[in-house]
Amino acid sequence: MNTAVRLNEQPTLDAAKAPRVKTEKPKLLSVDQAKALDLPQMTDLFTQHLNPGQLHFMKLLGFHKIKVERAEGMYYYDQNGRKILDFFGGFGSLAFGHNHPRIIEARKTFQDEKRHEIAIAFMSQYATALAHNLAACSPGDLDMVFLGSSGSEAMEAAIKVAERAAGPQKPKVVYAENSFHGKTKGVLSITDGSLYRGQFKLVDNTVRVPFGDIEAIENAFRSDPEIGVIVLETVQGGGGIIQADAAFWQKLRQLCDQYGVLWVADEVQCGLGRTGKFYAFEHYGVVPDVTALAKSLGGGKTAMAAMIARREVYMKAYGTPKTAMIHAMATFGGIGEACITSIEALNVLYDEGLIDRTAEVGDYLLDQLRTLQTRYPSLIKEVRGQGMMVGLEFHDFSQTMPLVLRPVIAMLDDKLKGSLPGFIGSHLLRDHGVLVAFTEYNRNVIRLEPPLICEREHVDQFIAALDEVMSRGIIRIVKDFVTAQVK
């Protein structure tokens, strides 16, 4: 046997005899160090590692000057101890306010008892209990549940179950103009925003229709037998808090039944009591085939989402041992502490009467905003919404100006869209400690989605702040904003 080492062949190192090199700890920040970061340090790390472009917009609005130290109920508390009234609500993620005591206690108990988080090999008592509760909260035969971690994930599950149930002969999906269903690749194909779509290669089995146009939907169903699914937000959040009337939804249900099309209702933002019903579609006396929840389902303390489907639809898609694992829960779907957080949140929703309170206080908020609209008709174009999901639309910039200036300014209206809501939102935060949000597609809209624990006194605080800002008039609103930028 030739034992000579071949040319260029390296002798094998015996790993057992090699000296073990100790793994060095990188320069990590501790929890205490993270808590102690000041604004300059946060800005530096955000720029280096997160999103420097986003920081640009934070600076425009003055949001970069805020370091939130804690949050409770309706308020944030900043580095100076100032209270900030939260009428933003994390795009509808904070139905129970910040750090609801019952939800906090449920999570602490779970931790103290060293309960299991991930039990993929076994059934989870927490996931099964949450699925039961979601079915109990849902009308009709919406009773089969998939648990995930985000609205995008829940909507991906909703589209997949509907597409499989519709079958390969009906692969097309109808979606609406100005829709927002998420940013993952699948639901991005039915999210109607060029900014989010970028230059990604998306699926092409989609049909786009105007939101709320039942004739366009009927024409699409009639002319294209390959349409098997329609996906609509019950209230378009990113579109500017846009609703369709009861007749639209009732006719939609009729058309879906007539043409064998499955209706997926996206309730990620408008569900869980936000409009004064558990689901927004309940206002119209109809039930979809599939729906999705997220955001406030996590109780403001965790990431939780759910797809809820009619049993017939779910079983068509995944009802045999052979198909059951096609879209089973992911690793963190139904994780223990997240499930008990959602279980407690749903109980709080009903125990504290938050759905009914939302309807009542939401009506009060809308009434107060409409009073402001009559006072400032040159600024406020429209007030719309339901419950604690409200859109406040402002006129184009030119329409707020004296008549003699309007023709000149009108040429800049498109570029200036969003400026007035931005100016007002900036003043509300800086001068009154009130936080509001904005919408993706109609930049002239301020979005109001306060926690469902909101009381009339909080509405009064918000209205007083908004009234003061608008009482300055357009010239001073702009001047104050520019002054703040150069300070």
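# Reading a predicted fold

Q: Let me start with one residue. Which label fits Arg 102: buried or partly exposed?
A: This is a predicted model, so treat each value as computed from it. A residue counts as buried under 20% relative accessible area and as exposed over 50%. Arg 102 has 29% relative accessibility, so it counts as partly exposed.

Q: What does Arg 102 form a salt bridge with?
A: Start with the general idea. Side chains of opposite charge can pair when their charged atoms come close. Here, Arg 102 forms a salt bridge with Glu 344. Their closest N and O atoms are 2.9 Å apart.

Q: Where do Glu 344 and Arg 102 sit in the chain?
A: This salt bridge links distant parts of the chain. Glu 344 is in helix H13, residues 336-351. Arg 102 is in helix H5, residues 101-112. The two residues are 242 residues apart.

Q: Is Glu 344 buried or exposed?
A: Apply the 20% cut-off again. Glu 344 has 18% relative accessibility, so it counts as buried. Its partner Arg 102, at 29%, counts as partly exposed.

Q: How many salt bridges does the count give?
A: The count comes to 30 salt bridges. Another of them joins Glu 382 to Arg 384, with closest N and O atoms 2.9 Å apart. Glu 382 is partly exposed at 35% relative accessibility. Arg 384 is buried, with a relative accessible area of 11%.

Q: How far apart are the closest N and O atoms of Arg 447 and Glu 449?
A: They are 3.7 Å apart, and the pair forms a salt bridge. The cut-off for a salt bridge is 4 Å. Both Arg 447 and Glu 449 are buried.

Q: Which residues are linked in a network of salt bridges?
A: Look for charged residues joined through shared partners. In this structure, one network links Asp 141, Asp 257, Asp 289, Glu 312, Arg 253 and Arg 310.

Q: How many disulfides are there?
A: The count is 0. Check sulfur distances against the 2.5 Å cut-off. For Cys 270, the closest cysteine sulfur belongs to Cys 137 and is 15 Å away, too far for a bond. Cys 339 also has its closest cysteine sulfur in Cys 137, at 14 Å, again too far for a bond.

Q: Are Cys 270 and Cys 339 buried or exposed?
A: Cys 270 is buried, with a relative accessible area of 1%. Cys 339 counts as buried at 0% relative accessibility.

Q: Now strands. How do S13 and S14 run?
A: Strands of a sheet pair through backbone hydrogen bonds, either parallel or antiparallel. S13, residues 380-386, and S14 run antiparallel, joined by 6 bridges. Gln 386 stands opposite Met 389 in S14. The two strands form a hairpin with 2 residues between them. Gly 387 in that turn has a positive phi of about 60°.

Q: What else pairs with S14?
A: Strand S17, residues 445-448, is joined to S14 by 4 bridges, and the pair runs antiparallel. Leu 392 stands opposite Ile 446 in S17.

Q: How many residues of S14 are buried?
A: Check how side chains point from a strand, then check their cover. S14 spans residues 389-394, and 6 of its 6 residues are buried. Met 389, Gly 391 and Glu 393 point one way. Val 390, Leu 392 and Phe 394 point the other way.

Q: What is the strand order in the open sheet of 4 strands?
A: Follow the pairing from one edge to the other. The order is S1-S2-S3-S15, and the pairing is mixed. S1 (68-72) and S15 (434-435) are the edge strands, and each pairs on one side only. Inside that order, S2 (residues 75-78) and S3 (residues 83-86) pair in the antiparallel sense over 3 bridges. Tyr 75 has Leu 85 in S3 as its bridge partner.

Q: Last, the whole chain. What is its radius of gyration?
A: Compare the value with a compact globule of equal residue count. For 487 residues, such a globule would have a radius near 23 Å; the chain has 26 Å, which agrees. The C-alpha atoms fill a box of roughly 100 × 60 × 50 Å along the principal axes. The chain has 19 helices and 17 strands. Of its 487 residues, 50% count as buried.

Q: What share of the contacts joins residues at least 24 apart?
A: Take contacts between residues at least 6 apart in sequence; 71% of these join residues at least 24 apart. As for the surface, the chain exposes about 24300 Å², and carbon and sulfur atoms supply 55% of it.

Note on methods
Residues numbered from 1 in each chain as written. Predicted model: local features only at pLDDT ≥ 70, side-chain atom pairs only at ≥ 80, totals over all residues. Heavy atoms only, no water. Salt bridge = Lys/Arg side-chain N within 4 Å of Asp/Glu carboxyl O. Buried < 20%, exposed > 50% of the residue type's maximum accessible area, 1.4 Å probe, protein only. Rg over C-alpha atoms; globule rule 2.2 N^0.38 Å. Contact = heavy atoms within 4.5 Å. Areas by Shrake-Rupley, 256 points an atom, 1.4 Å probe, with all protein chains shown as cover. Pairing = 2+ DSSP bridges.
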